[in-house]
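The exercises below are to be worked with the sequence and the model side by side. Each one sets a task and then goes through a solution step by step.

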Amino acid sequence: MEAVIDDFGRLIIEQIPHLRRYARALLGDPTAADDLVQDCLERAWSRAHLWRRGNIRGWLFTIMHNVNINTQRRARRAPPMSSLDLPGADAGVLPNQEDRLAVGAISKAVAALPSDQREALLLVGLEEFSYAEAAQVLGVPIGTVMSRLHRGRERLRQTLAGQGSPSLRRVK
């Protein structure tokens with residue numbers, strides 16, 4: 001039994017960098033992203049008995065998706081909070097100015113996407129999930145993932161090209 005626990009722990013540890021990258025891209029706030037990853041890992045460990053040998057990456061991302069949805073629901077009901085941390089305390093090595101502007105523009109454009117499009121875009125584009133895996137993580141049909149991904153990519157193209165958000169068309 002102990003070998004199974006060690007194997008489970010090793011598999012989870014291998015996925016932590018992927019979980020952190022997705023959470024940071026999804027939330028845009030390193031502190032909130034680390035909290036989301038921590039909550040995801042805690043839930044995975046407490047429910048290890050529910051994992052059926054197979055795609056642990058998809059299982060963990062599904063847990064993270066559900067934890068994020070629950071956190072967002074709670075946050076909507078709670079009063080706003082402000083951080084006591086000093087701004088800029090996490091400053092690391094800064095990239096050159098042009099790269100920083102490009103990354104900032106992309107991050108801002110991705111953050112402006114509706115959450116359903118942002119989640120699909122990050123799972124498929126950043127985390128390299130297949131459409132089927134992303135659909136399983138998000139709990140929607142594959143066609144919905146493909147549609148969200150197309151709309152998200154198109155909105156990103158328009159935003160980054162300086163056209164802003166796409167205008168709505170009236171369908172008669």
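A residue is called buried when its relative accessible area is under 20%, exposed when it is over 50%, and partly exposed in between. The model is a predicted one.

**Exercise 1. Describe the secondary structure of the protein and the burial of its residues.**

Step 1. The protein contains seven helices and zero strands, and reading along the sequence gives the pattern α-α-α-α-α-α-α.

Step 2. The protein has 172 residues, of which 30% count as buried, while its accessible surface comes to about 11,700 Å², with 55% of that area belonging to carbon and sulfur atoms.

Step 3. For contacts between residues at least 6 apart in sequence, 63% join residues at least 24 apart.

Step 4. One pair of residues distant along the chain is Ala-105 and Leu-160, which are 55 residues apart, with their C-alpha atoms separated by 7.3 Å. Ala-105 belongs to helix 4 (residues 97-112), and because its relative accessibility is 36%, Ala-105 counts as partly exposed.

**Exercise 2. Work out which residues the salt bridge of Arg-24 ties together, and classify both partners by accessibility.**

Step 1. The side chain of Arg-24 meets that of Asp-34 in a salt bridge, with an N to O distance of 3.6 Å.

Step 2. Arg-24 is located in helix 1 and Asp-34 in helix 2 (residues 30-46), so this pair ties together parts that are ten residues apart in sequence.

Step 3. Asp-34 has a relative accessible area of 31% and is therefore partly exposed; Arg-24, at 35% relative accessibility, also counts as partly exposed.

**Exercise 3. Find the salt bridges that lie within a helix, and explain the spacing of Arg-10 and Glu-14 and of Glu-154 and Arg-157.**

Step 1. Side chains of opposite charge can pair when their charged atoms come close. The structure holds eight salt bridges, and two of them are taken up here.

Step 2. Arg-10 forms a salt bridge with Glu-14, in which the closest N and O atoms are 2.9 Å apart. Because Arg-10 and Glu-14 are four residues apart in helix 1 (residues 2-27), about one helical turn separates them. Arg-10 is partly exposed at 40% relative accessibility, and Glu-14 is partly exposed with a relative accessible area of 40%.

Step 3. Glu-154 and Arg-157 meet through their side chains in a salt bridge of 3.0 Å, N to O. Because these two residues are three residues apart in helix 7, they are separated by about one helical turn, and Glu-154, at 29% relative accessibility, counts as partly exposed.

Step 4. Salt bridges that share partners join Asp-7, Arg-10 and Glu-14 into one network.

**Exercise 4. Determine how helix 6 and helix 7 are arranged, and which residues make the contact.**

Step 1. Two packed helices are described by the angle between their axes and the distance between the axes.

Step 2. The axes of helix 6 and helix 7 (residues 142-160) come within 8 Å and cross at roughly 100°. An angle of 65 to 115 degrees counts as roughly perpendicular, and helix 6 and helix 7 are therefore roughly perpendicular to each other.

Step 3. On the side of helix 6 the contact is made by Tyr-131, Ala-132, Ala-134, Ala-135 and Leu-138, and on the side of helix 7 by Ile-142, Val-145, Met-146, Arg-148, Leu-149 and Arg-153.

Step 4. Tyr-131, found in helix 6 (residues 131-138), is partly exposed at 32% relative accessibility. Together with Ile-142 and Met-146, Tyr-131 makes a nonpolar surface patch of about 260 Å².

**Exercise 5. Are Gln-117 and His-65 buried or exposed, and which residues do they contact?**

Step 1. Gln-117 lies in helix 5 (residues 115-126), and because its relative accessibility is 6%, it counts as buried.

Step 2. When neighbours within four places in sequence are left aside, Gln-117 is in contact with Arg-148, Arg-151, Gly-152 and Arg-155.

Step 3. His-65 lies in helix 3 (residues 56-77) and, at 10% relative accessibility, counts as buried.

Step 4. Not counting residues up to four places away in sequence, His-65 touches Glu-119, Val-137 and Leu-138. Leu-138 also takes part, from helix 6, in the contact with helix 7.

Conventions
Residues are numbered from 1 along each chain as its sequence is written. This is a predicted model: local features need pLDDT of at least 70, side-chain atom pairs count only at pLDDT 80 or more; totals for chains, interfaces and linings use all residues. Side-chain values use heavy atoms; hydrogens and water are left out. Patches are made of residues with over 30% relative accessible area and no salt bridge: like charges are joined within 9 Å, nonpolar side chains (Val, Leu, Ile, Met, Phe, Trp, Tyr) within 5 Å. Accessible areas come from the Shrake-Rupley method with a 1.4 Å probe; for residues, only the protein chains shown count as cover. A salt bridge is a side-chain nitrogen of Lys or Arg within 4 Å of a carboxyl oxygen of Asp or Glu. Buried means under 20% relative accessible area, exposed over 50%, partly exposed in between (1.4 Å probe, protein chains only). Axes are lines fitted to C-alpha atoms, for helices over the stretch in contact, and angles run from 0 to 180 degrees between N-to-C directions. Angles under 35 degrees count as roughly parallel, over 145 as roughly antiparallel, 65 to 115 as roughly perpendicular and the rest as oblique. Contact means heavy atoms within 4.5 Å.
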